[in-house]
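Student: I should like to examine one part of this model closely, with its setting in the chain described beforehand. Please treat the charged side chains with particular care.

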Amino acid sequence: MRKLLSTTVAGGAAALALVALAAAPASAGTADSQFDVVFPGQKPQTTYYVQNTGTVSGSMTGKSVMSWQIIDDQVVDNSKRFTSFKITTRIEERLTKTSEDHVVTSKTCDLTKLVNDNYSWFQVEPANTCVAPSTVYDGEVYWSADATIVYDIEGDGKGAITKETLGSPLIHG
């Protein structure tokens with residue numbers, strides 16, 4: 001009887017764990033953006049790509065992955081391209097599909113050295129990935145991951161330029 005009771009309790013605990021896993025939503029949404037940067041002088045024009053991903057697996061996470069590629073591989077000027085290149089990744093929530101986003105968590109990552117040292121980069125590594133701190137998931141609101149890039153081109157005299165990227169599709173439920 002004692003063995004049967006412990007087996008029943010263990011089986012019940014396993015069933016509850018499966019129900020809890022099934023109840024926890026596991027979904028993700030990804031959006032891709034790109035923009036070109038034309039530098040002064042003989043520096044190579046470059047296309048920058050951003051992939052914003054929002055993921056729910058117990059908690060809400062948001063990350064942005066940067067990659068880039070020179071358009072013309074005839075690099076004449078090897079000098080510094082940016083005085084600053086930063087990306088801010090945000091986890092945002094909204095009450096309805098059409099209401100305004102509210103930032104829940106965010107993180108700014110400085111990629112200046114990485115983009116200046118590498119003309120092209122398509123690896124997915126911590127060096128080119130910016131992850132906002134995770135937050136408690138609430139299925140009653142709509143969630144997304146989004147990012148803003150602010151960069152200052154060396155020697156163009158224009159100051160900082162801000163690029164808004166496409167946020168991930170909304171996650172809800």
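Student: What percentage of the 173 residues in the chain do buried residues make up? Beyond that, which residues are joined into one network by salt bridges that share partners?

Tutor: The model is predicted; local features are taken only where pLDDT is at least 70, side-chain atom pairs count only at pLDDT 80 or more, and totals for chains, interfaces and linings use all residues. Residues are numbered from 1 along each chain as its sequence is written, and side-chain values rest on heavy atoms, with hydrogens and water left out.

To take the first point, 35% of the 173 residues in the chain are buried. Here buried stands for a relative accessible area under 20%, exposed for one over 50%, and partly exposed for values in between, with a 1.4 Å probe and protein chains only. The chain has a mean pLDDT of 87, and 85% of its residues reach 70 or more; pLDDT is the predictor's confidence in each residue, on a scale from 0 to 100. Over residues 1-24, pLDDT stays under 50, and the model has 0 contacts for them beyond four places in sequence. Where pLDDT is low, predicted coordinates should not be read in detail. A contact means heavy atoms within 4.5 Å. Of the contacts in the chain with a separation of 6 or more, 67% are between residues 24 or more positions apart.

The chain contains 2 helices and 8 strands, in the order α-β-β-β-β-β-α-β-β-β from the N terminus. These elements are DSSP runs numbered from the N terminus: helices are H or I with at least four residues, strands E with at least two. An open sheet of 4 strands follows the order β5-β4-β7-β8, and its pairing is antiparallel. Strands β5 and β8 (160-164) are at the edges with a single partner strand each, so one side of each has no neighbour in the sheet. With direction ignored, neighbouring strands in this sheet are turned by 20° against each other on average; such angles, which run from 0 to 180 degrees between N-to-C directions, are taken between axes that are lines fitted to C-alpha atoms, for helices over the stretch in contact. Two strands count as paired if DSSP finds at least two bridges between them. Strand β4 (residues 82-94) and β5 run antiparallel and are joined by 8 bridges; glutamate 93 has histidine 102 in β5 as its bridge partner.

Now to the network itself. The structure has 6 salt bridges, each defined as a side-chain nitrogen of Lys or Arg within 4 Å of a carboxyl oxygen of Asp or Glu. In one of them, arginine 90 pairs with aspartate 146, with 3.4 Å between the closest N and O atoms. Since arginine 90 is in strand β4 and aspartate 146 in strand β7, this pair ties together parts 56 residues apart in sequence. Both of these residues are buried. Arginine 90 also forms a salt bridge with glutamate 164, whose closest N and O atoms are 3.9 Å apart. That pair ties together parts 74 residues apart in sequence, because glutamate 164 is in strand β8 and arginine 90 in strand β4. The two partners are set differently against the surface cut-offs: glutamate 164 is exposed with a relative accessible area of 55%, whereas arginine 90 is buried with 12%. Salt bridges that share partners join Arg90, Glu92, Asp146 and Glu164 into one network.

Serine 144, in strand β7, touches part of this network. Its relative accessible area of 4% makes serine 144 buried. Neighbours within four places in sequence aside, serine 144 is in contact with Met60, Arg90, Ile91, Glu92, Asp101, Ser168, Pro169 and Leu170.

A further salt bridge joins the side chains of lysine 80 and glutamate 154, at 3.6 Å from N to O. This pair links distant parts of the chain, with lysine 80 in the loop between β3 (59-70) and β4, and glutamate 154, 74 residues apart from it, in the loop between β7 (142-153) and β8. Lysine 80 counts as partly exposed at 44% relative accessibility, and glutamate 154 is partly exposed at 27%.

Finally, a covalent link should be noted. The structure has 1 disulfide, that is, a pair of cysteine sulfur atoms within 2.5 Å. This disulfide joins cysteine 109 to cysteine 130, with 2.2 Å from S to S. Cysteine 109 is in strand β5 (residues 102-110) and cysteine 130, 21 residues apart from it, in strand β6 (residues 129-136). The torsion about their S-S bond is about 80°, so the disulfide is right-handed. Both cysteine 109 and cysteine 130 are buried.
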